[in-house]
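Please look over the fold below before reading on. The report that follows takes up its sheet, its helices, its cores and two buried residues.

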Amino acid sequence: EEAAEAAQAQLPGFAVSGAVVGADGRGALAVADDGRVAAVKRVGKRIAVREVTWRTVRATQEGILVETGDRTLGAVMLSRVDVLDIRRLAPRNIGV
């Protein structure tokens with residue numbers, strides 16, 4: 001809920017249809033009902049959100065990694081999240 005609320009608050013017109021949070025609670029991915037995707041990361045006591053493209057989301061052995069391209073935010077890791085979790089969230093027209 002916290003990741004979804006942060007994405008909706010920080011990104012104009014971003015209506016969250018689903019979200020997944022890494023096992024350690026540090027990283028999350030939120031998907032809007034229009035197919036947009038956002039990386040969410042806890043930075044100290046605050047939550048940072050950046051809209052990213054689907055092609056920046058990839059699977060690794062540790063979980064899902066999102067390369068935000070943002071120097072401040074850096075990469076966002078969703079530990080112990082797998083491709084099936086992401087496919088459930090992704091719009092059907094997105095190849096994940």
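## Terms and basis

Contact, or touching, here means heavy atoms within 4.5 Å. The structure is a predicted model, in which local features need pLDDT of at least 70 and side-chain atom pairs count only at pLDDT 80 or more, while totals for chains, interfaces and linings use all residues. Residues are numbered from 1 along each chain as its sequence is written, and side-chain values use heavy atoms, with hydrogens and water left out.

## The four-stranded sheet

Helices (H or I, at least four residues) and strands (E, at least two) are DSSP runs numbered from the N terminus, and two strands pair if DSSP finds at least two bridges between them. By these criteria four strands make up an open, antiparallel sheet in the order β1-β2-β3-β4. Its edges are β1 and β4, each of which pairs on one side only. From one strand to the next the twist averages 25°, where axes are lines fitted to C-alpha atoms (for helices over the stretch in contact) and angles run from 0 to 180 degrees between N-to-C directions.

Strand β1 (residues 16-21) pairs with strand β2 (residues 27-32) over five antiparallel bridges, and in β2 it is L29 that serves as the bridge partner of V20. Five residues lie between the strands of this hairpin, where G25 adopts a positive phi near 80°. Strands β3 and β4 are likewise antiparallel, with seven bridges, and A38 has E51 of β4 as its bridge partner.

## Helix α1 against the sheet

Helix α1 (residues 2-10) packs on the sheet, where it touches β1, β2, β3 and β4, and its direction makes about 65° with that of β4. Within α1, the residues A3, A4, A6 and A7 are buried, a term that means under 20% relative accessible area, with exposed meaning over 50% and partly exposed in between (1.4 Å probe, protein chains only). Seen down the axis of α1, the buried residues fall within an arc of 165°, so they line one face of the helix; the arc is that of the directions from the helix axis to the C-beta atoms. Among the elements covering these buried residues are β1, β2, β3 and β4.

## Nonpolar cores and helix α2

A nonpolar core is a set of buried Ala, Val, Leu, Ile, Met, Phe, Trp, Tyr and Cys residues joined through side-chain atoms within 4.5 Å. The largest has 18 residues, and L29, V66, L78 and I86 have the most contacts inside it. At least two residues of this core come from each of β2, β3 (37-43), β4 (46-52), β6, β7 and α2. A second, separate core of 14 residues includes A3, A6, L11 and A28.

Beyond residues up to four places away in sequence, L78 touches V20, G22, G27, A28, L29, E62, G63, I64 and V66. L89, in helix α2 (residues 83-89), touches G18, A19, V20, L29 and V31 on the same basis of counting.

## Two buried residues, T68 and S79

T68 sits in the loop between β6 (63-67) and β7 (75-79) and counts as buried because its relative accessibility is 15%. A polar atom of the T68 side chain lies 2.6 Å from the backbone oxygen of G74. Leaving aside residues up to four places away in sequence, T68 touches A39, V52, L73, G74 and V76.

S79 belongs to strand β7 and is buried, with a relative accessible area of 15%. Outside residues up to four places away in sequence, S79 touches G22, A23, D24 and E62.

Definitions and conventions:
A polar contact is a pair of N or O atoms within 3.5 Å; within protein, one must be able to donate a hydrogen and the other to accept it, and residues adjacent in sequence count only if both atoms are side-chain atoms.
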